[in-house]
Amino acid sequence: MLTKRELKLLEKVTQIDAIPGLEQELAKFVKGELEKYGFTIVTDNLGSVFGVKKSKVTQAPRIMVAGHLDEVGFSVREITDKGFIRVDARGGINANTMLASRVRLTLDDGTKLMGSVGATAPHYGGEGNPTIDKLDFDFGFISKEDAVNAGVRVGQMIVADGPFEVLNGGKRLLAKAFDNRYGVFMALEMARYFENVDLPYDLYVGATVQEEVGLRGATTIANVINPDLAIILDCSPARDNISSSEQGQLGEGILIRYLDRSMIAFPELLTFQEKSAEALKVPYQYFHSPGGTDAGAIHLHAVGVLTLTHCVCARSIHTSASVVDTTDIKNAKKVLIRMLRTLNRDKINKFKEARR
Ligand SMILES: [Zn+2]
């Protein structure tokens, strides 16, 4: 079970809207929290937000712990004469998951407007196969002019509304955007935990922008942080509700993500992760993915960076109704703390030597 404080933080971060390129509202919240824990803010021109806690050790190595701020969503493409809004997708979304969804549009001044995505009544024969560009987003406008007068313009953010719910007495949680507010939550929890702990390395914690459209923020922030080792926090798609694969079972442990489209994991780091879990008697499961994470960009930075993913799985990611297991999250946090407490210059050098 998670504590009341942890649940409150998860609720807070899942309910802020942030699509690729428009992450400022969440970035501002994360910045405030990092400052609260005494971290010095590090950012770049794309808007990723990190905090650093410098080591007292001279020329200390740098460790980066990163989630990503953005969730998949939409932006306004055009307004029809009848006042419907047509959209561009930002990130991978299956149009079927959007029919009859409640959605939220953010105007330039931050005002939030609620709306609905049109679905055909059964009387008229059902849906067929909708595509994102054909969906009618209905915010109640009666004409194009009406929408324009309300302040709607091209490029504004739309997300599916996905309230935070505690399920089954706290065993599971339901909300939008666990991909990747799990990572944002974990990064902030590390800042909180290590606020008063002396470390033999400079600790950078925070979250990147524009992961969902191709690891863009990770690419640029890596130039600022220049990590010796990076741990990437992300929420991966569970498979236990949709296929027979044993990889990605909700509630059956943290993910040892050994292979995906963007990175072949470093075996030495996977062993380190497994040993850390075993020491805490935390279950883990191997996981491969046809997708990628920010690790894909970070491990290719400069001459290559030791990079490890530290993920849990969630059902129905990239929809407004994703479900996570709280024991998985609790365990992921414990293992991450243990790894960060064990890492030092010697260990990092040994990991580097293994590749030479
Ligand atoms: Zn993600």
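**Note on helix packing, a small sheet and Thr293**

1. Helix α6, which covers residues 267-279, packs against α8 at an angle of about 115°, and the axes of these two helices are 9 Å apart. The model is a predicted one, and the remarks that follow should be read with that in mind. The crossing of α6 and α8 is right-handed. On the α6 side the contact is made by Phe272, Gln273, Ser276, Ala277 and Ala279, while α8 contributes Val335, Arg338 and Met339. Sorted by class, the residues of this contact are five nonpolar, two polar and one charged.

2. Helix α8 also packs with α4, which spans residues 178-193, and here the angle is about 45° with the axes 11 Å apart. That angle makes α4 oblique to α8, and the crossing of the two is right-handed. The residues in contact are Tyr182, Met186, Glu189, Met190 and Tyr193 from α4, together with Ile329, Ala332, Lys333, Leu336, Ile337 and Leu340 from α8. In this contact of α4 with α8 there are nine nonpolar residues and two charged ones, with no polar residue.

3. A colleague may next look at the open sheet of three strands, whose order is β10-β11-β17 and whose pairing is antiparallel. Strands β10 (165-167) and β17 (322-325) stand at the edges with a single partner strand each, so that one side of each has no neighbour in the sheet. From one strand to the next, the twist averages 25°. Between β10 and β11 (residues 172-175), which run antiparallel, there are three bridges, and Val166 has Leu173 in β11 as its bridge partner. Helix α8, residues 326-342, packs on this sheet and touches β11 and β17, its direction making about 60° with that of β17.

4. Where does Thr293 lie? Thr293 belongs to the loop between β15 (284-289) and α7 (295-298). Is Thr293 buried or exposed? Because 31 other C-beta atoms lie within 10 Å, and 20 or more are enough for a residue to count as buried, Thr293 is buried. Apart from neighbours within four places in sequence, Thr293 is in contact with Ile232, Asp234, Asp260, Ser262 and Thr309. As for Met186, Thr293 is separated from this residue by 107 residues in sequence and by 16 Å in space, taken C-alpha to C-alpha; Met186 is also one of the α4 residues in the contact with α8.

Note on methods
Residues numbered from 1 in each chain as written. Predicted model: local features only at pLDDT ≥ 70, side-chain atom pairs only at ≥ 80, totals over all residues. Helix = DSSP H or I, 4+ residues; strand = E, 2+ residues; numbered from the N terminus. Buried ≥ 20, exposed ≤ 12 C-beta atoms within 10 Å, placed from the backbone. Contact = placed C-beta atoms within 7 Å. Pairing = 2+ DSSP bridges. Axes fitted to C-alpha atoms, helices over the stretch in contact; angles between N-to-C directions. Parallel < 35°, antiparallel > 145°, perpendicular 65-115°, else oblique. Left-handed = near helix turned anticlockwise from the far one by under 90°. Nonpolar A, V, L, I, M, F, W, Y, C, P; charged D, E, K, R; others polar.
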